[in-house]
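User: I would like to go through the reasoning behind some labels used for this model. Please set each value against its cut-off.

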Amino acid sequence: MLDYNVRGVNIAVTDALRDYVEKRLTKLNRYIEEKSSANVNLRTYKSDNSGKAEVTIVLPYVVLRAEDTNPDLYAAVDAVSEKLERQIRKYKTKINRKSRETGFKGIDSKNEIPATDSDDEALQIVRTKQVDLKPMSPEEAALQMDLLGHNFFIFRDADTNTDSVIYKRQDGRYGLLETVED
């Protein structure tokens, strides 16, 4: 079900490493019915001899992403696989619970909504990303934000058809910014 795209930074991706990544991520197939792609980025750092594994899986209703840094790159791949499995189980549990309560059909979002890095001291924009706004309820947006591990999420409110931002407050609750037309 998963197509793998394995890339390496500061490391040559050997067949053994590629096979190990695919073997570890194949166990996620039991949760995924649709054909999807897993983008895997492996990186090594020469300064401290550590490795980082980042995996992003785009599903029709949600984007799963996990990363881990470890002195052993294989251990980082193991940790990322476990994190993704927890995310999928959490997502499926919430969807099942919500569907029993309200007849919820799923989250309609295919693309990851990435956070923008900024340098507060120089106020420089160092990265620009485009966001595809999908219609959803604020509750669905909060679920998507939590699954991505972000502090905010931009979406189109399905009820009002306006662009909105949901964000996590310092007290752990959520805030909602709604746009108004002039």
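**Reasoning behind the labels**

Analyst: This is a predicted model. A place to begin is strands 9 (residues 163–168) and 10, which pair in the antiparallel sense over 5 bridges.

User: What makes strand 9 and strand 10 a pair?

Analyst: Pairing needs at least two bridges between the strands. Strand 9 and strand 10 have 5 bridges, so they count as a pair. Within strand 10, Y174 stands opposite K168.

User: Which sheet holds strand 10, and why is strand 10 said to stand at the edge?

Analyst: The sheet is open, with 4 strands in the order 7-8-9-10 and mixed pairing. Strand 7 (135–136) and strand 10 (174–178) each have a single partner strand, so each has one side without a neighbour in the sheet. Helix 3 (residues 138–148) packs on this sheet and touches strand 7, strand 8 (152–157), strand 9 and strand 10. The direction of helix 3 makes about 150° with that of strand 8.

User: What is the strand order in the sheet that contains strand 1?

Analyst: The order is 1-2-3-4, in an open sheet of mixed pairing. Its edge strands are strand 1 and strand 4 (63–70), each pairing on one side only. From one strand to the next, the twist averages 15°. Helix 1 (residues 15–26) packs on the sheet, touching strand 1, strand 2 (36–45) and strand 3, and its direction makes about 140° with that of strand 1.

User: How do you know that strand 3 and strand 4 pair?

Analyst: Strand 3 (residues 50–58) and strand 4 share 8 bridges in the antiparallel sense. The requirement is at least two, so they pair. E54 has E67 in strand 4 as its bridge partner.

User: Why is V6 called buried?

Analyst: Buried means under 20% relative accessible area. V6 has 8% relative accessibility, so V6 counts as buried. V6 lies in strand 1 (residues 2–9). Leaving aside neighbours within four places in sequence, V6 is in contact with V13, R18, V21, V40 and L42.

User: Why is the aromatic pair of Y20 and Y74 called edge-to-face?

Analyst: The structure holds 1 aromatic pair. The ring centres of Y20 and Y74 are 4.8 Å apart, and pairing requires centres within 6.5 Å. Their planes stand at 75°, and planes over 60 degrees apart count as edge-to-face, so the label applies. Y20 lies in helix 1 and Y74 in helix 2 (residues 73–102), so the pair ties together parts that are 54 residues apart in sequence.

User: Are Y20 and Y74 buried, exposed or partly exposed?

Analyst: Partly exposed lies between the 20% and 50% limits. Y20 has a relative accessible area of 21%, so Y20 is partly exposed. Y74, at 32% relative accessibility, also counts as partly exposed.

Definitions and conventions. Residues numbered from 1 in each chain as written. Predicted model: local features only at pLDDT ≥ 70, side-chain atom pairs only at ≥ 80, totals over all residues. Heavy atoms only, no water. Buried < 20%, exposed > 50% of the residue type's maximum accessible area, 1.4 Å probe, protein only. Contact = heavy atoms within 4.5 Å. Axes fitted to C-alpha atoms, helices over the stretch in contact; angles between N-to-C directions. Phe/Tyr/Trp six-rings, centres within 6.5 Å; stacked < 30°, edge-to-face > 60°.
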